Amino acid sequence: MNKLSEFMLPPAKSTLAAETDALFNFINVTSLILLIGITIAIVFFSWKYRRRSENDVTPVITHNSKLEITWSVIPLILVIIVFGWGLSGYVNLTTVPDDAYEIRVVGKSWLWEFHYETGHVSVNELHVPVDRPVKLIMSSDDVIHSFYIPDFRIKRDVLPNRYSSVWFEATETGESVIFCTEYCGMAHSDMLATTIVHEQDEFETWLETAGSADDNLSPVELGEQLVTRNACTTCHSVDGSRLQGPSFQALWGSERVFEDAENVTADENYIRESILEPQAKIVESYDPVMPPYAGTLDDRQIDAIIEYIKTLE
Amino acid sequence: MATEESTANVKRVQVKRFKPEEYPEKHYLNQETGLWAWMTTVDHKKIGLMYLMSVAFFFFIGGMLALLIRTELLTPARTFMDADVYNQVFTLHGAIMIFFFLIPSVPAALGNFILPLQLGAKDVAFPRLNLASFYIYVIGALFTITAIFTGGVDTGWTFYTPYSATTGGSVMMMTLGVFILGFSSILTGLNFIVTIHKLRSPGITWNRLPLNLWGLYATSIIQILATPVLAITLLLLTMERALGIGIFDPALGGDPVLYQHFFWFYSHPAVYIMIVPGFGIISEVISTFSRKVIFGYWAIALSSLAIAFIGFLVWGHHMFTAGQSSLASMVFSFLTFLVGIPTGIKIFNWLATMYRGSIDMKTPMLYAMVFLFLFTIGGFTGIMLGALAVDIHLHDTYYVVAHFHYVMMGGMVMAFLAGLHYWWPKMFGKMYSEFWAKISCGLVFIGFNMTFLPQFIMGAQGMPRRYFNYIDQFQSFHQFSTMGAYVMGIGFFIMAGYLLHSLMKGKRATANPWGSRALEWQTSSPAPLHNFEHTPVIINGPYDYHKPMSEFQLGIATSHNGHHGNEHVSHTESKTEQV
């Protein structure tokens with residue numbers, strides 16, 4: 001049973017995973033036994049009762065109440081067990097402990113933003129303490145997304161104009177992948193993030209110092225880090241290849257051609273506007289899909305990104 | 001056997017034994033020929049064949065799209081197409097397979113052909129309406145094809161708001177196509193219900209109705225009751241996009257979850273529109289090729305109706321993670337499990353029918369066995385997904401993709417193929433190569449499992465569906481799955497080959513090549529233009545294999561058509577009147 005679950009399921013890294021996995025294994029094993037039984041019956045009957053001559057006479061068996069009640073009641077009992085078990089797991093999944101640490105999550109096409117109590121915002125990186133319940137209060141800025149951490153066995157849709165929440169308690173430190181599982185357009189499959197589980201004191205330290213580590217970097221170095229950290233590179237390549245948005249390479253100083261605005265040359269003001277209000281000018285042949293970064297990036301960070309783009313010739 | 005009182009109501013009719021004409025010179029295929037005659041035909045058999053050609057065409061298109069998807073997924077990110085193209089391809093694959101193949105395939109194509117024959121009727125109750133429904137289907141298809149060529153659709157076949165309200169492309173044209181298509185489905189359902197009620201031959205009481213017709217009857221009820229909800233939903237969606245009326249889009253004050261409720265209120269019962277008629281076919285095939293009375297006739301008939309009924313009350317199981325109340329999730333989960341019970345009963349009934357039968361593993365029977373195996377896996381994984389806590393983990397992953405392919409393709413398509421091979425001689429009066437048919441069936445079976453078994457594992461490990469790009473750990477599973485898809489593709493090309501060969505050069509079929517007791521086999525192959533040269537009279541059930549064939553070939557020779565008043569055929573009477 002453990003072998004089966006190790007092969008089929010991702011590592012279990014939250015307190016909620018054990019119950020889900022146990023039920024998963026129970027259904028798998030029960031189903032497998034029944035499936036093998038049915039398959040043996042198919043094969044055995046096909047061989048044993050194969051037609052021997054065109055004049056074969058078959059018995060008249062129209063029904064058998066005892067048999068029929070048996071094969072109705074046993075599955076009924078089995079599914080009631082599965083139902084109750086599944087429900088109990090679901091209640092645990094939806095009952096948030098009172099002392100849960102709260103983090104605000106915003107889904108945007110196509111990135112995840114995590115807002116912490118200190119006001120710090122991380123993009124596509126969720127930092128959480130180990131062995132402590134964490135509650136995520138989530139909403140979307142555009143279409144429906146769904147927040148899924150396979151290692152924790154949790155998933156919840158993230159809706160516009162509405163909050164939804166999910167909670168978990170990580171049981172070990174390390175990294176786990178976060179997927180978006182509600183189809184949300186072109187870069188849906190690139191809307192990935194990472195959960196980073198810290199020791200509790202390590203997490204406190206991270207929270208206090210997050211962002212200040214950037215002080216020691218030159219603007220270009222900082223910009224290079226920011227475009228990755230803020231998921232710019234999900235849609236904008238730095239090597240000239242075409243993704244969902246125009247490449248950053250050779251962007252600086254180039255003539256931009258728009259769908260419905262006059263051409264401009266890419267300068268500081270254009271790049272700043274494109275980051276804060278991306279829908280203002282849409283480059284020809286691209287779709288207006290970028291979320292605004294106002295409130296996510298501060299002026300110093302925008303400056304750094306501009307300095308970095310200047311270096312990409 | 002009858003009391004004094006009841007015999008008073010029995011009007012005695014004289015019946016004769018009519019053996020069907022072998023290798024008839026005149027039949028429905030060589031009468032009223034020519035393009036115009038076909039296009040304006042009201043013959044249910046020809047309309048059925050026109051549907052069959054259409055669904056075969058769309059199955060081919062949908063299948064090629066599936067191969068494109070699988071090829072693209074050989075490597076993470078771009079293999080040979082871009083993300084936006086990939087998103088359009090999987091949307092089209094889903095929409096075409098569901099709306100243009102699965103929904104019409106059994107009821108409209110096979111059902112149209114076989115339903116009046118199984119009733120001993122000349123045609124369906126409303127032949128012109130039947131033709132109209134075909135043209136509505138064609139118009140719906142034209143809209144959809146236009147949508148593909150004028151911008152494409154990248155919303156997934158579910159058209160979830162608000163994404164579908166904001167994305168570019170031809171979403172409106174596409175939804176309009178599906179909207180129109182719905183009317184075709186409603187009209188077919190209506191026609192079938194009336195036909196089953198009103199046009200049964202003398203002697204076909206409700207407990208002698210072939211199980212295939214019970215399946216189609218249950219399906220028709222769902223088609224009539226559920227399809228209008230889809231129409232309303234799509235209309236609201238169109239109004240939102242075209243007129244800016246806020247219904248589902250939160251930016252306009254709407255509620256996107258409401259859309260999901262509406263959509264699944266139709267689309268979950270639609271799953272049963274696809275699978276329930278398949279159950280009917282399997283019952284016919286297993287009884288015929290086991291040459292044995294069906295086990296638990298009423299259990300099978302009523303479980304179809306039970307599935308149709310409960311199927312209306314489980315739509316919320318698509319939304320366990322979407323934000324409906326916990327109470328709603330609990331109720332939907334429970335009802336979902338209840339659907340499993342009648343489904344399980346059917347599986348056991350079919351197995352019990354094979355017990356001590358005289359089993360001839362011809363191609364239709366082979367497909368029925370493949371159905372039993374694959375559909376059982378589909379059912380068990382459905383139980384997995386119905387369990388609340390587990391569904392939270394598995395929802396919207398490849399596990400779900402694999403599950404519904406096991407149900408839809410492993411279940412429904414295999415049942416469709418069983419039915420196609422079973423009734424092929426009746427349709428075209430030709431046999432196909434058993435050898436190649438079995439080779440093809442084997443390749444489809446192996447290819448199918450190679451394609452979708454790895455997807456269960458991938459999904460359980462967390463691979464989300466509708467992903468153009470994926471993390472490296474899934475690549476070997478994806479590649480194995482793609483190889484399976486190619487094997488399956490080869491199987492289907494072989495099938496196309498031997499079926500075409502059968503049409504051209506196939507051996508002529510006898511009236512009843514399978515030795516079936518069912519009514520449709522008691523007339524010539526291919527069927528005469530008006531199905532029967534006499535009004536058939538039925539004194540035995542369609543699965544009474546213990547009785548001699550002569551008791552199944554009875555009919556009224558005279559002009560009297562047997563459809564008046566309280567006529568009942570008494571068993572003894574007809575026997576004495578046999579020639």
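**Reading a two-chain predicted model**

Student: How many helices and strands are there in chain B?

Tutor: Chain B has 17 helices and 3 strands. Helices (H or I, at least four residues) and strands (E, at least two) are DSSP runs, numbered from the N terminus. Before we go on: this is a predicted model, where local features need pLDDT of at least 70 and side-chain atom pairs count only at pLDDT 80 or more, while totals for chains, interfaces and linings use all residues. Residues are numbered from 1 along each chain as its sequence is written, chains are lettered from A and ligands numbered from 1 in the order in which they are written, and side-chain values use heavy atoms, with hydrogens and water left out.

Student: What does the radius of gyration say about chain B?

Tutor: The radius is taken over C-alpha atoms, and the globule rule is 2.2 Å times the number of residues to the power 0.38. For the 579 residues of chain B the rule gives 25 Å and the model has 24 Å, so chain B is as compact as a globular protein of that length. Its C-alpha atoms fill a box of roughly 75 × 50 × 50 Å along the principal axes.

Student: And what is the radius of gyration of chain A?

Tutor: Chain A has 28 Å, whereas a compact globule of 313 residues would have a value near 20 Å. The box for the C-alpha atoms of chain A is roughly 90 × 55 × 35 Å, again along the principal axes. Chain A holds 7 helices and 12 strands.

Student: How do I read burial, and what share of each chain is buried?

Tutor: Buried means under 20% relative accessible area, exposed over 50%, and partly exposed in between (1.4 Å probe, protein chains only). In chain B, 66% of the 579 residues are buried; in chain A, 49% of the 313 residues are.

Student: What about the surface that each chain exposes?

Tutor: Those areas come from the Shrake-Rupley method with a 1.4 Å probe; for residues, only the protein chains shown count as cover. Chain B exposes about 19,200 Å², with 68% supplied by carbon and sulfur atoms. For chain A the figure is about 14,600 Å², and carbon and sulfur supply 54%.

Student: Which contacts does B:A218 make beyond its sequence neighbours?

Tutor: Contact means heavy atoms within 4.5 Å. B:A218 sits in helix α8 (residues 211-243) of chain B and is buried, at 0% relative accessibility. Leaving aside neighbours within four places in sequence, B:A218 touches B:V276, B:S304, B:L305 and B:A308. Across chain B, 82% of the contacts between residues at least 6 apart in sequence join residues at least 24 apart.

Student: Now the voids. How do I find empty space, and how many cavities are there?

Tutor: Rolling a probe the size of a water molecule over the atoms shows where empty space is left. On a 1 Å grid over the protein atoms alone, a cavity is a set of points where a 1.4 Å probe fits but cannot get out, and a pocket is an open set with protein on both sides within 12 Å along at least five of seven lines; lining residues have an atom within 4 Å of a point. Grid points are joined across faces, edges and corners, and a volume is the space filled by probe spheres set on the points. Here there are 4 cavities of 30 Å³ or more.

Student: Which residues lie nearest the centre of the largest cavity?

Tutor: They are A:H236, A:P246, A:S274, A:P278 and A:M290, out of 32 lining residues. The largest cavity holds about 550 Å³, and α6(A) gives the most to its lining, with 4 residues. By class, that lining has 23 nonpolar, 6 polar and 3 charged residues. Ala, Val, Leu, Ile, Met, Phe, Trp, Tyr, Cys and Pro count as nonpolar, Asp, Glu, Lys and Arg as charged, and the others, Gly among them, as polar.

Student: What is the volume of the second largest pocket?

Tutor: About 1,100 Å³. Its 46 lining residues include A:W110 and B:Y163, both listed among those nearest its centre. The lining divides into 19 nonpolar, 17 polar and 10 charged residues.

Student: Which residue is joined to A:W110 by a cis peptide bond?

Tutor: A:S109, with omega about 0°. A:W110 is in the loop between β1 (101-108) and β2 (111-115) of chain A.

Student: Is B:F159, with its positive phi, buried or exposed?

Tutor: Buried, at 1% relative accessibility. Phi of B:F159 is near 50°, though the residue is not a glycine.
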